[in-house]
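Work through the exercises below with the sequence and the coordinates open side by side. Each task is followed by a solution that proceeds step by step.

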Amino acid sequence: MNVIGAIIAKRVGLGLFTLFVISLLVFFAIQLLPGDPASAILGQGATPEALASFRHELGLDQTPLIRYLAWASGLLHGDPGHSLANGRLVADLIGERLGNTVYLAAVSTAIAMPIGVALGVMATLMRGRVWDSITSTLSLVTISFPEFFIAYILVAVFSVSLGWLPAVAFAEAGQTGWQRFANVALPAITLSLTVIAYVMRMTRAALMNVMAAPYIEMAQLKGTRPFAIVVRHALPNALAPIINVVLLNLAYLIVGVVVVEVVFVYPGLGQLLVDSVSKRDLPVVQACCMIFAAVYVLLNLTADILAILSNPRLRRPRRTAA
Amino acid sequence: MAADPHGARRKGELLLDVQGLKIEGRTGGQWQPIVRGVDLTLQRGEVLGLIGESGAGKSTVGLAAMGYVRAGCRFTGGSVMFNGQDLLRLDRPAQSTLRGARIAYVAQSAAAAFNPAHRLMPQVIEARLRDKRGERAEAEADARRLFGKLQLPDPDRIGLRYPHEVSGGQLQRAMTAMAMACRPDLIIFDEPTTALDVTTQVEVLAAIRAIVEEFHTAALYITHDLAVVAQLAHRILVLRHGQAVEEAPTRTMLAAPREDYTRSLWAVRNLHKPQRASGEVVLAMTGIHAGYGAAKVLDDVSITVGRGCTVAVVGESGSGKSTLARVATGLLPPRQGEIRFCGEPLSPSLKGRTPDQLRRIQMIYQSPDAALNPRHTVRDVIARPLTLFRGLSGPARESRIIELLDMVQLGPHFLDRLPGALSGGQKQRLCMARALAAEPDIVICDEVTSALDQIVQEEILKLLLRLQDELGVSYLFITHDLATVRAIADTIVVMHRGRVVQQGPRDAVLSPPYPAYTELLLSSVPAMDPDWLTNLLAARSDARSVSV
Amino acid sequence: MTVGRVLRQAPLTAKIGLILIALNLVAVVFAPWIAPYGETQVVGDQWLPGFWDHASMPDGIYALLGTDQLGRDIFSRLVYGARNSILIALGTTALSFTVGVTTGMVAATARGVVDQIMSRIVDILMGFPTLIFALLLLAVLGSSIPVLIGVIALLDATRVFRLSRALGMDLEAQDYVELARLRGERIGWIVLHEILPNATGPLAAEFGLRFCFVFLFIATLSFLGLGIQPPMADWGSMVRENASAISFGILTPLFPAAAIAILTVAVNLVVDWFIRFTGDAHHGR
């Protein structure tokens, strides 16, 4: 009997279902527009012909179900339609920027996750000492800061005062690897600081939770050294929550990039989304939302599956007939 | 054949010498003494029983013997000399070197004390690999031998299992193997059998006693159960409120305790009531089948409770006795079977019962802490059923509350207290007053004394009996404790794995001949006799050889 | 313990937090009396320096923290901004709590199908990043204060739902709640008298955390130009309006950004202490 397989299959199914419901929400949100969506978007002064062609463009002359199916299949084939603002293919608009966003998120992850987890383990080893209270207060302060505050402080210091790094992160073709990295340095540091603070706090909390367990006291009474207690006895049991922390923070990065891209005028998906929201360019908004949502769902799914796999109780369920 | 554990004390060298030990604990921002100057000594190979009720400080003393205090506690005085070294003055690395190697610890809950992420074997040999720099293969082979000595099933492979794959009694023995891995001079046993059922307790006790004797290991055996400690200890030290009350060799203490407090510890169930029978049936449950989800817990159970009588349902954990209580209250509708209350059919589920039926069946729980809302005062607790069931309010209600408090021997000065300001026994009496406020025909008592100390248990049982005499209320009494059953039951129902094994008037059930399970259950309850375990094991092995 | 003694024993960080929160509340209540200039009053040229370069200030005006991109007094706008930003965030949090606690308690006590349906809906809503969802809804509905409050309260209520459901389930399993059901008490009575009084500590802490989240969230949306709209003074929008100054070495946008940061730090410090304090109190009994 493969219990764990069944649990994972169920979880994957739930993830796919969530994605499906989200796609429904994203698509039919447009129905929330008061009155006729076409005239609401084009405004009072639109000519009847313009309205009619726009309605056709939106597919409003067809039933919602057909429109949804057309949109969803377009999405799956990488063609979510045309932008309302400039008529370009949404796929082209996104394609240019998706890579930039992924690059920024990857650099931030590479900086933040190892440092965050390491600081969390360190804080647990030093629990109750000055180092612990300093890092805990500092991280609390950091997560309380809005990203744009951190970003502008960094800009004020590193680009305006010191002139080391650019305040605006252009991404151009033909940049060398190093140039590209220097370009995203400030946005990546901004994102990393917040993520480090979160990961550190959550890692510490997960470990401290485990450290209160009786088997930790037992290990102490067996004479196990403090470092071995944290690494050998606490860490394996805190693995699931820590994996969860890391992946949740990756998911958080998705949201963080939106703000940071706007601050640094970085041509990524987040900035495209914000621009499109203010222009109410719905096809682009919908496509961006689906990408962000899919990544988010995928990360949550991965976190859950890894948590299931790291639990010996689930890996080796006890035979109930005892 | 094991040697007599109560034989002459070996005139060995002094192993452990605790003098003037003082420990404080932090509660609500203030340091309060937990241990107030305890002295104890232990020779090599000697077993000292440390006995006391909850809050006596016995676990704290046990841990202090390893130079360890829990978070939120601190040493404030005294010395713990182990092999001539003061553990309280050693630095941490030196303490760690001794722990596991020279002094080992066996905790109450083995299920919690084993790390769920690792298999048993690496945990059992962890200390040995660290300190003896021995070969892993050699350590594992030795652990397998220990598993065998401790009567664990499949000793060669049990080490490959994860803790959740092994039963509680087996884990407790595996933890003893873990403590023994380095052949320490001293093992601290901290209530190792308290969480186990009586029948399992016998096996674990026997295994611990045999291995401690074989390796001539000194032990500090901590428990609240005098009968248990009498089976292993050479000497017994009684603790109360963090102070030593009395210390004597086991046989001396059992035969002639000096202090009143010590006597009270085994003045077990001095109460005895005449066995009653009643023609009028209050509650009748017939052919009950019940369970949770796919699990079947009750299998064709039938019981009747007569007016003014006590029916005691006794069994080990998993026997279904608490589920029976839930079915009676309507919390768990049975899948099959009929419940009749005072002659009328009673709806299987709570929703179908009338307010009057709800009033007439009341419940008292095991843990008064969980049964009392911490935000409700004593007055609130009793007032609610009076308002709801009797429609009382104002001065009439107030005077009834005081009357009820008086019935359970609590004064009116308790009215505005919150449960947090009451002792365990007071809380349980408050729960009784709440149940009686409804003026019920039957009160279901689910292990109402098991969370309480011996002396308090006795008070509560006396009170229950007195109230039964005065009010003619019936009790359905769920318990695992046979001593309690003896003291208060009119009718006994013995349950095992969801079935009724035996049922009848108290005196009939408690006299031979017994069905096999009742026999096992009755014989497994430790008696206040240092030779009880030895005799029992001998009797059982005789019985086995006869049957073979 | 009296409130005074508890406060006196509080750690320094919590005291600082409490003082900062009090100052912000003073600004909220007495904004018109504190602010030297009007919310939208133009007092001079754009980006005039403040107290640090008083000499270059034109005669007759005194802008403590300088002026903004339209020549309005930054300090006055910060004071009015406190009122707008904090009150909107408080209202949103209150709404989110009302919805979240009510639905959470219903799910915890009703259990079964009702709980299943509610929990699945919340799972799905939470399976979607909050900011992205908010952007989608704002794109469709347009940004106005009622829409902002409604959308954010709805999204935030999912978190409150999760917590109150868990608390409710936990407390519902207590014997005293079971006993209340055995007495035949109504669900409403049980929630009100048996469950909620024991959940006030964690819920109060959560209120602080949710306020921080909502407050930062609205500030972020305003910063993105999708939240509170000009000319209303609001800290997030003020950062956005003055953002371009930073590249000229003018620190004006840092003032409103710092105001946001200070308030959230203050609330977080107090909540942190509160959680530890109530945690200790529970253990100590």
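**Exercise 1. Describe the fold of chain C by its secondary structure, extent and burial.**

Solution. The model is a predicted one, and the description begins with the count of elements: chain C has 10 helices and 0 strands. Read from the N terminus on, its elements therefore follow the order α-α-α-α-α-α-α-α-α-α. The next step is the extent, for which the C-alpha trace of chain C gives a span of about 80 × 50 × 30 Å along its principal axes. As for burial, 49% of the 285 residues of chain C count as buried. Finally, among the contacts in chain C with a separation of 6 or more, 68% are between residues 24 or more positions apart.

**Exercise 2. Determine what chain C contributes to its contact with chain A, and compare the setting with the contact between chains B and C.**

Solution. First count the residues: 39 residues from chain C and 41 residues from chain A take part. Then assign the side of chain C to elements, where helices H4 (112-126), H5 (130-141), H8 (187-223) and H10 (254-284) of chain C each give two or more residues. H10(C) provides the largest share, with 10 residues. Sorted by class, this side of chain C consists of 29 nonpolar, 8 polar and 2 charged residues.

The other contact is treated in the same order, and here 20 residues of chain B touch 14 residues of chain C. On the side of chain B, at least two residues each come from helix H13 (355-360), helix H14 (368-371) and helix H15 (378-390) of chain B. The classes on that side of chain B are 12 nonpolar, 7 polar and 1 charged.

**Exercise 3. Characterise the packing of helices H5 and H12 of chain A.**

Solution. Two packed helices are described by the angle between their axes and the distance between the axes. For helix H5 (residues 90-125) and helix H12 (residues 282-309) of chain A, the axes come within 10 Å and cross at roughly 45°. H5(A) and H12(A) are therefore oblique to each other, and their crossing is right-handed. The residues that make the contact are A:Val90, A:Leu93 and A:Ile94 on H5(A), together with A:Pro283, A:Val284, A:Ala287 and A:Cys288 on H12(A). By class, the contact has 7 nonpolar residues, with no polar and no charged ones.

**Exercise 4. Work out the strand order of the sheet in chain B that contains strand E1, and locate its edges.**

Solution. The sheet is an open one of 4 strands in chain B, in the order E2-E1-E4-E5 and with antiparallel pairing. Its edge strands are E2 (30-43) and E5 (85-86) of chain B, each of which pairs on one side only. Within the sheet, strand E1 (residues 14-27) and strand E4 (residues 73-82) of chain B pair in the antiparallel sense over 8 bridges. As one check on the register, B:Val18 has B:Val80 in E4(B) as its bridge partner.

**Exercise 5. Examine the backbone at B:Glu447, B:Arg497 and B:Pro513.**

Solution. B:Glu447, although not a glycine, has a positive phi of about 50°, and lies in the loop between strand E17 (442-446) and helix H18 (454-471) of chain B. Because B:Glu447 has 19 C-beta neighbours inside 10 Å, this residue counts as partly exposed. B:Arg497, also a residue other than glycine, has a positive phi near 50°, and its loop joins strand E19 (491-496) and strand E20 (499-505) of chain B. With 14 C-beta neighbours inside 10 Å, B:Arg497 counts as partly exposed. Lastly, the peptide bond from B:Pro512 to B:Pro513 is cis, with omega near 0°, and B:Pro513 is placed in the loop between helix H20 (506-509) and helix H21 (516-524) of chain B.

Terms used:
Residues are numbered from 1 along each chain as its sequence is written. Chains are lettered from A and ligands numbered from 1 in the order in which they are written. This is a predicted model: local features need pLDDT of at least 70, side-chain atom pairs count only at pLDDT 80 or more; totals for chains, interfaces and linings use all residues. Two residues are in contact if their C-beta atoms, placed from the backbone, lie within 7 Å. Ala, Val, Leu, Ile, Met, Phe, Trp, Tyr, Cys and Pro count as nonpolar, Asp, Glu, Lys and Arg as charged, and the others, Gly among them, as polar. A residue is buried if 20 or more other C-beta atoms lie within 10 Å of its own, exposed if 12 or fewer, and partly exposed in between; C-beta atoms are placed from the backbone. Two strands pair if DSSP finds at least two bridges between them. Axes are lines fitted to C-alpha atoms, for helices over the stretch in contact, and angles run from 0 to 180 degrees between N-to-C directions. Angles under 35 degrees count as roughly parallel, over 145 as roughly antiparallel, 65 to 115 as roughly perpendicular and the rest as oblique. A crossing is left-handed if the near helix is turned anticlockwise from the far one by less than a right angle, and right-handed if clockwise.
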